[in-house]
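Colleague: Please take me through this model and set each term against its definition as it arises.

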Amino acid sequence: MNSLLSRTAISTAIGACLLFTSATAAPADTVAHQTSAGGTAPACIGRAASDLGGFVYVSNNCGKTMRVKVIIDFGPDSPCWTLAPGQERRHNYYGSYGKTVTC
């Protein structure tokens, strides 16, 4: 009986720790993305992510210079780039493409 009680107590404690860890980890990641990036880039900013993953091309099809940044889920984001009209940049990444934002 003591063995069953100990297993139940340990399982409950582990479950509580996992729940607490997952509940506190998500907001920190969200805050990091919010403070480092602006709103979603307009439609005149072209985005072409590889179907296999690993890289994304971002092009400025707007009529003015734009500052954009690629947000990667589960990996490092790109730096904030200043793109003149017609200019294109490639960002290599691991993780998965999230979105392109203004910065």
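Modeller: The accessible surface of the protein comes to about 6700 Å², with 61% of this area belonging to carbon and sulfur atoms. Such areas come from the Shrake-Rupley method with a 1.4 Å probe, and for residues only the protein chains shown count as cover. This is a predicted model, in which local features need pLDDT of at least 70 and side-chain atom pairs count only at pLDDT 80 or more, while totals for chains, interfaces and linings use all residues. Residues are numbered from 1 along each chain as its sequence is written, and side-chain values use heavy atoms, with hydrogens and water left out.

Colleague: What makes up the secondary structure, and which pattern does the protein follow along the sequence?

Modeller: There are one helix and six strands, in the pattern α-β-β-β-β-β-β. Helices (H or I, at least four residues) and strands (E, at least two) are DSSP runs, numbered from the N terminus.

Colleague: How do you know that E3 and E6 pair?

Modeller: Two strands pair if DSSP finds at least two bridges between them. Strand E3 (residues 66–73) and E6 share six bridges in the antiparallel sense, so the criterion of at least two is met. Within E6, threonine 100 stands opposite valine 70.

Colleague: Why are E4 and E6 called edge strands?

Modeller: The open sheet of three strands has the order E4-E3-E6, with antiparallel pairing. Strand E4 (81–83) and strand E6 (96–102) each have a single partner strand, so one side of each is left without a neighbour in the sheet.

Colleague: What makes E2 and E5 partners?

Modeller: Five bridges join these antiparallel strands, so they too satisfy the requirement of at least two. Glutamate 88 in E5 stands opposite serine 59. The order of this open three-stranded sheet is E1-E2-E5.

Colleague: What makes the largest nonpolar core a core, and which strand gives the largest share?

Modeller: A nonpolar core is a set of buried Ala, Val, Leu, Ile, Met, Phe, Trp, Tyr and Cys residues joined through side-chain atoms within 4.5 Å. Buried means under 20% relative accessible area, exposed over 50%, and partly exposed in between (1.4 Å probe, protein chains only). Twelve residues form the largest such core, including Val70, Trp81 and Leu83. Its largest share, four residues, comes from E3.

Colleague: Which residues does leucine 83 contact beyond its neighbours within four places in sequence?

Modeller: They are Val58, Asn60, Lys64, Thr65, Met66, Val68 and Arg89; contact means heavy atoms within 4.5 Å.
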